[in-house]
Every structure is written in C-alpha cells, then in structure tokens.
Number of protein chains: 2
Amino acid sequence: MEKRLSDAEWDVMEVLWSSDQPLTATDIAERIPAERDWSLATVKSLLTRLLAKRAVSPAKDGRRFLYSPAIARDPYVADESRRFVDRLFGGKLSPLFAQLAEGETIDKDDLAAIEALLKELRQ
Amino acid sequence: MEKRLSDAEWDVMEVLWSSDQPLTATDIAERIPAERDWSLATVKSLLTRLLAKRAVSPAKDGRRFLYSPAIARDPYVADESRRFVDRLFGGKLSPLFAQLAEGETIDKDDLAAIEALLKELRQ
DNA sequence: TTTTATCGTTTACAGATGTAATCGAATCGA
DNA sequence: TCGATTCGATTACATCTGTAAACGATAAAA
C-alpha cells in the first residue's frame, strides 16, 4: 500500500474486507454503517480516491465496475499499529496496555487471549 | 482537551511535556527533533494553532510569551489509544497485541512489564 | 422510442494540515 | 539614537479530507 488511508476511506475498506467481494459502488454504500449517513455520491468519491491510492481494484462488469480490496487488512493494520505505538509509546506495548487497563476497558475474554499469547511468546 | 492534535502539533506538545516549562517559542523550536527540520516560523504557527485549541497556555513575559502545556499527556494519550483500538481492533487489545507480537517487535523488558501488569490485573 | 434511472467522472467547496513568509511593534546593541 | 534582531500576529498557499452536486453516457423501463 503506497498511501495511508483517511478515516472515511478506511470505512469503505472495512466494508470491502468484511464482505464477499467484488461489490458495486451501490452495494458498498448500502453497507456503510448507518451513522455515517453518506450519500451515494460520497461513496463514489471515496472509491475514486481509493482507486488513485491503489487500495481497491476495479473489474469491469458491463457499464459499471465491481470493486475489491487491493491491499490486505492485516499488513495495513500492522503498519498503522506500529506507527501508533512508536509515536505515542516509544514503541513499547506495555504503556499502552497500562493506559487501557486503567480505564478497566479490557474485558475478561480479551485478557485471557492476551495471557494465551504471552504463554506462547514465553517459550 | 477540545480538539484532536495533528501530528505536527503533537511534536510540539511532546517538547513541552518532556521539558521544564514554560518555554519560549525559540526554546521549543530548538528542541524539536532535528528530522523535522522546521523553521522557527513553522513552530510559531503551530503554537498559534495550539493556543486556539487551548492545548497550551501562554504566560506573558515582557514582550513575549512563555508556553506551557494546558492538557496533560496521559489523558490525551488514553483517549487516542481508545479511539485507535476501537477503530482497528473492535476495542480489543489482544488482536493488537498479536499483530505486534508477530513482527517480533516486543522486546524482553516490554514483555516482562506486560506480564507484571497482567499479574496485577488478575487479582 | 422516449423517458428515467444508474454508472463513473469531473468539479466544488469548506476546513484541517504542513510549512512557511511577511509585517509591525518592541527591544537590544553599537 | 538608529539599525538589527526578535516577538507575536497575519497572511499564504498547496495538499488532504469530508462531503457532496453536476454532467454525460448508457441501459432499463414504459
């Protein structure tokens, strides 16, 4: 992926990543979380920008296009996470962990999952 | 804090948070990481924006100002972390953890610190 | 076949952001 | 005292972002 995605673009990518692709612009618009309350035109603009960033691929289907993600979610997310942790926590996870733990915002399952991961790492 | 900070503004805040305040604009400019390579004018612009966002407080010192942070780092960071984890990982820390663990980007100390935190949480 | 709906494309436009230059007032140095 | 330096404030300007409207081609409906 060559460019970073804006928040709005990210929402479009989330729709693509979490659906069976490819999708038409209209399909995508329908699946955008309702809170966003975007017009179809807005989704089309975002798709144009995502095409420019080569984050989605178009496939011609008659007079229109079908869109699929051209970048995978995981590597992108890994990249953003690294950037975030570097910037706010000097690359260390523990302060982030401490930060979020304070607000009791880590639920039981999440905690258990982390412990499991830790156990793996320890060996 | 009323507004989010841009990347450039964040760098200015980092200087303030990590120094003995208050500082003059020139002091701040001198302490900005060299990679940024900003002119003094740029730092002044950023300070103006930070004043507008009420993220720094000015204290008059003769003809000039001394600046101090008006928001604390921790709560701001907590807020951003929450936003980040919500957006990319559905609010769960474990996937972030897994993501970063994969790139072997968690060093020994960091790991130990996390384990200590976990131990605390477990009780 | 004529109207209408649907595509992608182009254009729009305000606010945020990065990155300054300029300007007028004040002060410092000579 | 007078020019140089230093402040903050104002203005600049390109790019990115959010959020569309308008437009022209095509296809579907009547």
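Me: In this predicted model, how many residues does each chain bring to the contact between chain A and chain B?
Reply: Interface size is often expressed as the accessible area lost when the parts come together. A residue count is given here: chain B contributes 28 residues and chain A contributes 28 residues. On the side of chain B that touches chain A, at least two residues come from each of α4, α5 (93-102) and α6 (108-122). By class, that side of chain B holds 18 nonpolar, five polar and five charged residues.

Me: How are helix α4 of chain A and helix α4 of chain B oriented, roughly parallel or roughly antiparallel?
Reply: An angle over 145 degrees counts as roughly antiparallel. Helix α4 (residues 73-89) of chain A packs against helix α4 (residues 73-89) of chain B at about 175 degrees, and their axes are 12 Å apart. The two helices are therefore roughly antiparallel to each other.

Me: Which residues of α4(A) and α4(B) meet?
Reply: From α4(A) come A:Val77, A:Glu80, A:Ser81, A:Phe84 and A:Leu88; they meet B:Val77, B:Glu80, B:Ser81, B:Phe84 and B:Leu88 of α4(B). This helix contact comprises six nonpolar, two polar and two charged residues.

Me: What surrounds DNA strand C, and which residues are the closest?
Reply: DNA strand C is surrounded by 23 residues, of which A:Arg64, B:Ser6, B:Ala8, B:Ser39 and B:Ser45 are the closest. Two or more residues of this surface come from each of α2 (25-31), α3 (40-52) and β2 (64-69) in chain A, and from α1 (7-17) and α3 (40-52) in chain B. The element that gives the most is α3(B), with four residues. By class, the surface near DNA strand C has six nonpolar, nine polar and eight charged residues.

How values were computed:
Residues are numbered from 1 along each chain as its sequence is written. Chains are lettered from A and ligands numbered from 1 in the order in which they are written. This is a predicted model: local features need pLDDT of at least 70, side-chain atom pairs count only at pLDDT 80 or more; totals for chains, interfaces and linings use all residues. Axes are lines fitted to C-alpha atoms, for helices over the stretch in contact, and angles run from 0 to 180 degrees between N-to-C directions. Angles under 35 degrees count as roughly parallel, over 145 as roughly antiparallel, 65 to 115 as roughly perpendicular and the rest as oblique. Two residues are in contact if their C-beta atoms, placed from the backbone, lie within 7 Å. Ala, Val, Leu, Ile, Met, Phe, Trp, Tyr, Cys and Pro count as nonpolar, Asp, Glu, Lys and Arg as charged, and the others, Gly among them, as polar. A residue is near a molecule or strand if its C-beta atom, placed from the backbone, lies within 6 Å of it.
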